[in-house]
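Here is a friendly walk through the ligand site and the open and closed spaces of this protein. Have the model open as you read, and follow along with the residue numbers.

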Amino acid sequence: ITFIDGDRGILNYRGYPIEQLAEKCDYLEVAYLVLYGELPTQDQYDEWVFDITHHTILHENVKDLMAGFRYDAHPMGMLASTVAALSTFYPEAKNVHDPLVRRRQVHRMIAKMPTLAAFAYRHSAGLPYVYPDNVLSYCGNFLQMMFRITDAKYDVNPVLERALNVLFILHADHEQNCSTSAMRGIGSSQPDPYSAAAGAIAALYGPLHGGANEQVLRMLKDIGSKDRVPAFIKEVKQSGGEVRPMGFGHRVYKNYDPRARIIKMLADQVFEVTGRNPLLDIALELERIALSDDYFLSRKLYPNVDFYSGIIYQAMKFPVDMYPVLFAIPRM
Ligand code: CMC
């Protein structure tokens with residue numbers, strides 16, 4: 001499904017370079033490509049979008065379940081729990097050998113992730129849940145479920161909608177990583193896919209995997225200003241591996257993470273709409289010093305996908321603890 005050449009910084013889905021997909025496609029097209037092996041024709045795309053769009057609503061009891069979480073519950077814990085709970089709403093999902101049943105769960109899982117994610121955020125913010133708007137695109141609808149307050153209609157900013165599509169495309173698949181392996185490991189005993197996905201979400205939550213984007217933001221805030229970057233680098237080097245700059249290093253990419261390059265370019269487009277995130281200057285300084293320091297070069301430590309994504313998400317007004325959730329949605 002995915003081809004990675006870590007030494008050359010190459011990432012392809014089904015033979016298509018990630019750069020081309022990020023430039024030319026929307027997220028649902030790429031999800032179709034990842035699942036079925038080919039990009040959809042117009043008819044296939046229309047049917048696919050219709051099927052996903054018409055499964056975005058959650059059973060009302062899911063809201064009651066969410067109401068039981070503490071006000072400060074981490075949204076990733078809420079997501080893992082409610083995805084597991086979906087298995088009780090769709091008991092037929094355990095018929096994993098029935099292709100039609102499987103296809104239905106694919107639609108449900110992709111469709112309901114943004115709704116669950118947005119509801120988790122609204123719960124923690126004490127805001128009423130916003131229901132899906134089927135007129136909007138996948139990413140546009142997610143933005144309105146997150147951020148609509150009192151207006152009857154939410155005007156989706158096309159630049160931010162596009163940015164979210166690109167970020168989702170970059171996160172769609174990545175070979176046998178920790179969470180994908182968890183999904184397949186659990187799935188091999190043939191439970192319903194919601195149960196397996198809940199385990200995969202737990203695997204993604206860790207700070208060395210999908211939780212790294214959240215930790216990058218916290219790290220940049222702790223560093224505080226550009227002039228304190230050298231002192232931080234010194235601390236990393238003296239700690240003997242204990243202090244790790246988050247968003248650096250990768251099990252596979254030992255040259256450069258091609259996703260980080262695309263995200264860095266995207267940041268400028270987003271900042272034109274949102275204003276520049278001052279944390280970017282700290283990040284750029286950290287990258288500049290690290291890439292000229294033998295400690296990082298000899299260990300082949302380069303910025304990864306999580307290094308810049310959080311800075312964009314923060315500019316778009318996503319709260320920091322939502323960042324791993326923003327990884328989990330497209331990875332589903
Ligand atoms: N900062 C400082 N040193 C590091 C870092 C880092 N971020 N990452 C690895 N190292 C060092 C490590 O201490 C070791 O040094 P030594 O040879 O002196 O013992 C050397 O580099 C090799 O480390 P490793 O643990 O063998 O590397 P790995 O390839 O197994 O680890 C990693 C990959 C992603 C877990 C690791 O680089 C890391 O912890 N990075 C920070 C967390 C992070 O950004 N994770 C997101 C990964 S990308 C998104 C995703 O797909 O999940």
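Which side chain has an N or O atom 3.1 Å from an oxygen atom of the ligand? The side chain belongs to K254. Bear in mind throughout that this is a predicted model.

**The ligand and its shell**

The protein buries 75% of the 940 Å² that the ligand exposes when taken alone. Two further polar contacts involve the backbone. At P245, a backbone N or O atom lies 2.8 Å from a nitrogen atom of the ligand. At F248, a polar backbone atom is 2.8 Å from a nitrogen atom of the ligand.

There are 19 residues around the ligand, and the ones that come nearest are H209, R244, P245, G247 and F248. P245 and F248 therefore appear both in this nearest group, by the 4 Å cut-off, and among the backbone contacts. By class, the shell holds eight nonpolar, six polar and five charged residues.

**The pocket that holds the ligand**

Where does the ligand sit among the pockets? The space it takes is the second largest pocket. This pocket has a volume of about 720 Å³, and 31 residues line it. Nearest its centre are L208, F248, G249, H250 and R251. Helix 16 (305–315) and helix 17 each supply at least two residues of this lining.

**The largest pocket**

The largest pocket contains about 1200 Å³ of space. Of its 38 lining residues, L35, V106, M183, R184 and M332 are the closest to its centre. Which helix gives the largest share of this lining? That is helix 6, with seven residues. Helix 6 spans 99–125, and at least two lining residues also come from each of helix 2 (27–36), helix 9 (178–187), helix 10 (193–205) and helix 17 (323–331). Helix 17 is worth a second look on your screen: it supplies at least two residues to the lining of the largest pocket and at least two to that of the second largest pocket.

**A closed cavity**

One cavity of 30 Å³ or more is counted. The largest cavity has a volume of about 30 Å³. Its lining consists of G249, H250, Y253, Y256, D257, Y302, P303 and N304. G249 and H250 line this cavity and also lie among the residues nearest the centre of the second largest pocket.

**Linings by class**

The table sets out the make-up of each lining.

| Space | Nonpolar | Polar | Charged |
|---|---|---|---|
| Largest pocket | 22 residues | eight residues | eight residues |
| Second largest pocket | 14 residues | nine residues | eight residues |
| Largest cavity | four residues | three residues | one residue |

To retrace the ligand site, start at the side chain of K254, then move to the backbone of P245 and on to the backbone of F248.

Terms used: Residues numbered from 1 in each chain as written. Predicted model: local features only at pLDDT ≥ 70, side-chain atom pairs only at ≥ 80, totals over all residues. Heavy atoms only, no water. Polar contact = N/O pair within 3.5 Å; in protein donor to acceptor, adjacent residues only side chain to side chain. Areas by Shrake-Rupley, 256 points an atom, 1.4 Å probe, with all protein chains shown as cover. 1 Å grid on protein atoms, 1.4 Å probe; cavity = no way out; pocket = protein on both sides within 12 Å on 5 of 7 lines; lining within 4 Å. Sits in = over half its atoms within 2 Å of the grid points. Nonpolar A, V, L, I, M, F, W, Y, C, P; charged D, E, K, R; others polar. Points joined across faces, edges and corners; volume = space filled by probe spheres on them. Helix = DSSP H or I, 4+ residues; strand = E, 2+ residues; numbered from the N terminus.
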